[in-house]
Amino acid sequence: MNKIDPLSDFFFRDLGLKVRPSGADLARAVEAVAKKSGPQAAFNMLLRGEVVAGWRKPSLALYDHTLHLIGGGEKYGCTLAQALQDDFDVTLIAHQPVTTGDLMQWYDLDLSRCRVKIMPLGFFAGKSLGRIDPDLVSARTENPFLAVSRESGNYDFFVNNSMLEMVYPLANVSLFVCHFPERQKGAYFYVQHYRHLVYNSLYTATWIEKKWGISPRHHIYPPVDMEPAAGELPAKEKIILAVARFESGGSKQQLEMIAAFARLRAEAPQALGSWKLVLCGGSAAGNPYLDRIRAALAAQPTLPVQLQVNIPLSALKAWYGRAAIFWHFCGLGQSNPANVEHFGMSTVEAMQNGCLPIVFDGGGQREIVENGISGFRFASARELRAQTLRALADPGLRQRVGAAARERGAHFNRAVFAAKARGLFRELAGEYASGKPLAASEKPIASPGEPLAANGIGGE
Amino acid sequence: MGATMDEQIKNEIAGLKETYRGRKDAAASLEELAGKPVQDHFAVDLWQLSDSELDGEMGKRLGFLNDDIDCRPTPAITSHRRIIGPLIVFCKKIVFTLLRPYTNTLFDRQNRFNEQLVAFHLASFIRFRRLEDRTRRLEQQADELKGQLADLAAAQGPHTPHHE
């Protein structure tokens, strides 16, 4: 008599078998699944069977429609791919040309065991300068992302790192990584069909629940790796640093920073002394907001403000090392929750370099900066001025809070991210390979009215 | 023996995979792939949107209205019936041609109305935007003044007599 092995148990669990069935039985069982739940379900059953039998490691596709561009969300996905490439057979799905070599260079990662698959989408050709713009898709159009859905069904695991809720997941195990629920539930909204939802901050989780009515379960903060090597931190100089993209809509509020700095100098010229403001960030060519900043600076030529646009990483690291204070205004005076910092990677980068952060009291910043301990949070321009003047006047405070900030910043580094990601995916892979029914994600998050565990790493 | 059986079932699974890969690739719709009805659209709850989200929604919907100004029916007339199809198409074409002078009058009038309506909405949208900007600037000024008043009050100290 043949012993019932895990594979037979997986395919024929409901039959209560005593002997291993034949190949014909297998074909009949799979066809029964196809008849009941469609050809994808039958294919998925066969895929999982191979992993249950231990013939191969699970395959995983990580999808990002802007993988070809450098960004924080894309870095999140690539760092995830690096952390998982030993346990999974990882494929990165993109729409426009990009190589693993590009990604490795941009984010200083090892993706040597990953491959990239490029899937051009004809729908966007000739529209919006060829950019993959989800806003062009509506109930009146076809869903161009159906092609990605179909592709997702060729893998054991599918991770949507794109915030593109129009991709219906067809893989056995699907995860939606949400950096913020930017769009409303509307045309081709499929997030509720993902088995797991991963969020990057408690702020994001709150808005996922408010906007989409879904309680996400898995919390992994973004990886931030701007920590200087031991003993490398240079002496701090009288520099207030701000690092943020020069968004064409001005959501990072660099103009407001210039105005606040000018006002501080006018109100407290002695306290400001030789302090200068340095604005670093990336920008696309022909950015009207950057033009407005340049015009504002040209109108105040004596104001010690330095503009650093699209500088290399080494230069950025040097500014972080030299700056004593870090400003972050994103969210001040905003009514749209999407315009408030969802997490705040640059704040963590500054903290990892011992800068004293003075940041807007909202969004993900509350989870990073412990007010009065590892930095200061302000709710108004007035509070910002008061906190800045206090920090300028007290070198001891800058040193003390800067040291606490450095310690706090270490909680968000790449090693912490990788450990958390591996933990989650190993748990899911173990469940998958066991052949047992897959559990759904159901654990609720803190409701919007409850205080958030702002100082915790991981919201579970 | 076990290894041979494993090899056999491995090959069977590989063969079945190819079969079902072909069947899923041939599936015409998401419903067919998912094996169940899939809700594609959700009505946007406009009351839940923030000001700037509403702004985007208004712009998007105005764009849709603009795209639909011309409400004349598309001219292609087809039939799926193999034998009498051409006859049906021919008859429909004649009827449409005969009615065109009357329908054109109606559709032209409707198109003009649609154009005016979209233009009116756009003008209202621009006006609304300007008013909003003005309100925002006034709010900022009010906040600044409040801050200055608080600074002045603090500078005057606790001994300053208060006016009733």
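This passage walks through the sheet in chain A of a predicted model and the helices that pack around part of that chain.

The sheet is an open one, with seven strands lined up as β3-β2-β1-β4-β5-β6-β7 in chain A, and the pairing is parallel. At the two ends sit β3 (115-118) and β7 (218-219) of chain A, each with a pairing partner on one side only. Further in, strand β1 (residues 59-63) and strand β4 (residues 157-160) of chain A run parallel and are joined by four bridges. In this pair, Leu60(A) faces Phe157(A) of β4(A).

Two helices that pack on this sheet can be picked out. Helix α4 (residues 72-84) of chain A touches β1, β2 (89-94) and β5 (173-178) of chain A, and its direction makes about 170 degrees with that of β1(A). Helix α7 (residues 202-212) of chain A, for its part, touches β5, β6 (196-199) and β7 of chain A; the angle between the directions of α7 and β6(A) is about 135 degrees. Strand β5 of chain A thus turns up in the contacts of both α4 and α7.

Besides packing on the sheet, α4(A) also packs against helix α16 (residues 414-434) of chain A, at an angle of about 65 degrees and with the axes 9 Å apart. The crossing of α4(A) past α16(A) is right-handed. On the α4(A) side, the contact is made by Thr79(A), Leu80(A), Ala83(A) and Leu84(A); α16(A) brings in Arg414(A), Phe417(A), Ala418(A), Ala421(A), Arg422(A) and Phe425(A). By residue type, this contact comes to seven nonpolar, one polar and two charged.

Methods
Residues are numbered from 1 along each chain as its sequence is written. Chains are lettered from A and ligands numbered from 1 in the order in which they are written. This is a predicted model: local features need pLDDT of at least 70, side-chain atom pairs count only at pLDDT 80 or more; totals for chains, interfaces and linings use all residues. Two strands pair if DSSP finds at least two bridges between them. Two residues are in contact if their C-beta atoms, placed from the backbone, lie within 7 Å. Axes are lines fitted to C-alpha atoms, for helices over the stretch in contact, and angles run from 0 to 180 degrees between N-to-C directions. A crossing is left-handed if the near helix is turned anticlockwise from the far one by less than a right angle, and right-handed if clockwise. Ala, Val, Leu, Ile, Met, Phe, Trp, Tyr, Cys and Pro count as nonpolar, Asp, Glu, Lys and Arg as charged, and the others, Gly among them, as polar.
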